[in-house]
Amino acid sequence: VLGVSGGTLAFITRNQSLRRDSIALLRFRKDFPQNSPSYFCLAALHGIAQANGHGRIAAIRYDCQVAFDERYASGFRNSYCELWKSFDALELARVAYVMSVPLLPPPLSTIKAKHRKRAIDRRQHWSEIAQTVQLILAPHLRASHAGEAVPISKNPGVANAEVQATTLMLMSTFGVMGAPL
């Protein structure tokens with residue numbers, strides 16, 4: 001689909017349903033100042049990819065998102081492409097960006113000195129989220145002959161329901177679908 005090789009690639013998008021004045025978002029901002037749920041969910045998705053042995057994920061381009069509306073193009077571009085590019089993602093096939101796993105935030109030296117402490121704190125949160133996801137998924141995965149992690153299931157060919165439920169909960173702000181390469 002994306003013209004690259006290497007197996008299955010998680011293909012992510014964002015969910016635009018959370019209102020800026022929602023109680024949950026206001027509580028999040030109070031508990032995690034100078035953070036965004038989008039970054040936390042992205043960190044969780046990177047944790048899922050790492051747990052499954054993937055070295056990259058694909059993220060949808062702004063104007064390919066199902067709810068794209070030309071009137072809001074600049075907002076979509078900022079919410080999608082600029083987010084992906086902030087983690088060194090590269091555009092691919094004019095429909096997606098591909099980013100390395102784990103997250104590659106910009107070097108701290110590129111951040112103003114007065115904002116570095118905040119950036120370090122944010123990165124610590126992201127790292128803890130990704131590591132926690134990996135720890136949660138680890139008991140449900142085993143190594144395959146190809147070196148990739150694969151779900152363990154009592155019924156071969158059927159995905160583990162607990163892993164699916166955990167994965168879906170972690171993706172509450174992002175939508176994900178497997179995209180064959």
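A salt bridge is taken here as a side-chain nitrogen of Lys or Arg lying within 4 Å of a carboxyl oxygen of Asp or Glu. The exercises below apply to a predicted model.

**Exercise 1.** Decide how far the coordinates of this model can be read in detail, using its pLDDT values.

*Solution.* Begin with the chain as a whole, for which the mean pLDDT is 79, with 73% of the residues reaching 70 or more. Next, turn to residues 153-181, over which pLDDT stays under 50, although the model has 58 contacts beyond four places in sequence for them. Where pLDDT is low, the predicted coordinates should not be read in detail.

**Exercise 2.** Establish which salt bridge Glu-82 forms, and describe the setting of the two partners.

*Solution.* The side chain of Glu-82 meets that of Lys-85 in a salt bridge, at 3.2 Å from N to O, and this value satisfies the cut-off of 4 Å. As for their placement, both residues belong to helix H3 (residues 73-85), where, being 3 residues apart, they are separated by about one helical turn. Glu-82 is partly exposed at 33% relative accessibility, and Lys-85 is likewise partly exposed, with a relative accessible area of 38%. Elsewhere, salt bridges that share partners join Arg-61, Asp-63, Glu-91 and Arg-94 into one network.

**Exercise 3.** For the salt bridges Arg-61 to Asp-63 and Asp-69 to Arg-71, state whether each partner is buried, partly exposed or exposed.

*Solution.* A search of the whole structure finds 7 salt bridges, among them the one between Arg-61 and Asp-63, whose closest N and O atoms are 2.7 Å apart. Arg-61 has a relative accessible area of 8%, and it therefore counts as buried, the limit being under 20%; Asp-63, at 30%, is partly exposed. In the second pair, Asp-69 and Arg-71 meet at 2.5 Å, N to O. Here Asp-69 is partly exposed at 23% relative accessibility, whereas Arg-71, at 66%, counts as exposed.

**Exercise 4.** Identify the elements that contribute to the largest nonpolar core, and place Ile-57 within it.

*Solution.* This core has 36 residues, and Ile-57 is listed with Ile-12, Leu-42, Trp-84, Phe-87 and Met-99 as having the most contacts inside it. Two or more residues come from each of strand S1 (8-14), helix H2 (37-51), strand S2 (56-60), H3, strand S4 (96-100) and helix H4 (116-137), with H2 giving the most, namely 8 residues. Finally, leaving aside neighbours within four places in sequence, Ile-57 is in contact with residues including Leu-9, Ile-12, Leu-42, His-46, Tyr-97 and Met-99.

Note on methods:
Residues numbered from 1 in each chain as written. Predicted model: local features only at pLDDT ≥ 70, side-chain atom pairs only at ≥ 80, totals over all residues. Heavy atoms only, no water. pLDDT = per-residue confidence, 0-100. Contact = heavy atoms within 4.5 Å. Buried < 20%, exposed > 50% of the residue type's maximum accessible area, 1.4 Å probe, protein only. Helix = DSSP H or I, 4+ residues; strand = E, 2+ residues; numbered from the N terminus. Core = buried A, V, L, I, M, F, W, Y, C linked by side-chain atoms within 4.5 Å.
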